[in-house]
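Dear colleague,

I am passing a structure on to you in this email, and I would be glad if you kept it open while you read the notes underneath.

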Amino acid sequence: MKWVLIVGSSGDIGSEIARDLATQGWSIYLHYFRNKKKSDALCTNLRQTYPKQDFIQLQCDLTSKTELDKLSEQLFGLDAVIFAQGTTCYGLFHDLKPTEFNSMLSMQLTAPLYLLQKVEEKLARNHFGRIVFIGSVYGGAGSAMEVGYSAIKGALSSFAAAYSKEVGSLGITINVVAPGAVNTQMNALFSEKEKIQIDEMIPLGRFAAASEISYWVQAMLNERAAYLTGETIYVTGGWLK
Ligand SMILES: NC(=O)c1ccc[n+]([C@@H]2O[C@H](COP(=O)([O-])OP(=O)(O)OC[C@H]3O[C@@H](n4cnc5c(N)ncnc54)[C@H](OP(=O)(O)O)[C@@H]3O)[C@@H](O)[C@H]2O)c1
């Protein structure tokens with residue numbers, strides 16, 4: 001049985017990835033942070049639909065090293081890790097508080113990298129390890145008002161490019177799926193009028209559905225995707241390209 005850890009499986013993109021991978025026979029460690037209710041509903045639904053697979057919920061605040069250590073101790077078999085957690089802070093970089101920046105940094109960059117150090121051996125065990133980060137188009141193009149977030153997402157792409165060179169011989173691949181604007185709760189703060197203005201800037205004329213992002217993640221976990229590593233794939237409807 002193949003096991004994947006989905007960090008941020010309680011998010012809109014993360015839960016779509018969980019549904020796609022469950023369809024393909026994966027057993028899943030379903031990580032969540034605060035949204036226990038959504039995680040419970042997802043887990044119950046997956047258990048009922050796929051009774052021969054296992055689904056284990058893991059709660060963890062990624063800004064806490066103690067909690068992260070506890071999470072890593074609960075992982076036994078592991079073939080793939082997806083990092084689909086994330087938050088942003090809107091505002092000028094000049095005004096970004098060190099506490100806000102550190103929280104984004106540890107949750108989206110240092111904690112995932114620390115976790116990968118802990119699970120590298122497990123991922124190498126079957127000479128089939130897959131790591132996928134959900135990055136952002138802002139990691140490549142950069143965005144005013146989300147400078148700290150853009151820097152972190154860009155760092156994920158640099159990390160993937162570099163780490164892929166170390167772990168290729170272990171049968172581990174690492175890639176980034178970098179979305180543009182996706183219709184999720186992360187964008188709930190935009191008014192309908194603001195969303196229409198963004199639609200107008202996107203060549204395909206609309207936000208992506210979460211399933212249009214999870215499609216590329218599940219493709220990267222396919223055995224036939226074994227030759228793709230160190231890449232950032234932009235899924236943006238042509239936006240900012
Ligand atoms: N939506 C977009 O337009 C868009 C565009 C480009 C990139 N992305 C990226 O896509 C990924 C998923 O975003 P989404 O749109 O699906 O957002 P979402 O629905 O808001 O999900 C965010 C996820 O992050 C988790 N999380 C938040 N703080 C955490 C912490 N301290 N420790 C551990 N987990 C934490 C949340 O857990 P709980 O809900 O359980 O608290 C949730 O699972 C993020 O990396 C985001 O940067 C999104």
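The notes below go through the sheet, a helix, the nonpolar cores and one residue.

Please keep in mind throughout that this is a predicted model. Its sheet is an open one, in which seven strands follow the order β3-β2-β1-β4-β5-β6-β7 and pair in parallel. The edges are formed by β3 (55-59) and β7 (232-235), each of which pairs on one side only, and neighbouring strands are turned by 15° against each other on average, if direction is ignored. At the β7 edge, the parallel pairing of β6 with β7 runs over four bridges, and V176 stands opposite T232 in β7. Helix α2 (residues 36-49) lies across β2 (27-32) and β3, and its direction is at about 170° to that of β3.

The largest nonpolar core has 43 residues, and those touching the most other members are L5, L75, L78, F83, I131 and F133. Among the elements that give two or more residues to this core are β1 (3-7), β4 (80-83) and α6 (147-167), while α4 gives the most, with nine residues. If you look at L5, you will find that its contacts, not counting residues up to four places away in sequence, include Y29, H31, L58, L115 and I82. Another core, of 29 residues, lies apart from the largest one and has V4, I13, I82 and L221 among its members.

Is T99, which lies in helix α4, buried or exposed? T99 counts as exposed, because its relative accessibility is 59% and the cut-off for exposed is over 50%.

Best wishes

Note on methods:
Residues numbered from 1 in each chain as written. Predicted model: local features only at pLDDT ≥ 70, side-chain atom pairs only at ≥ 80, totals over all residues. Heavy atoms only, no water. Core = buried A, V, L, I, M, F, W, Y, C linked by side-chain atoms within 4.5 Å. Buried < 20%, exposed > 50% of the residue type's maximum accessible area, 1.4 Å probe, protein only. Contact = heavy atoms within 4.5 Å. Pairing = 2+ DSSP bridges. Axes fitted to C-alpha atoms, helices over the stretch in contact; angles between N-to-C directions.
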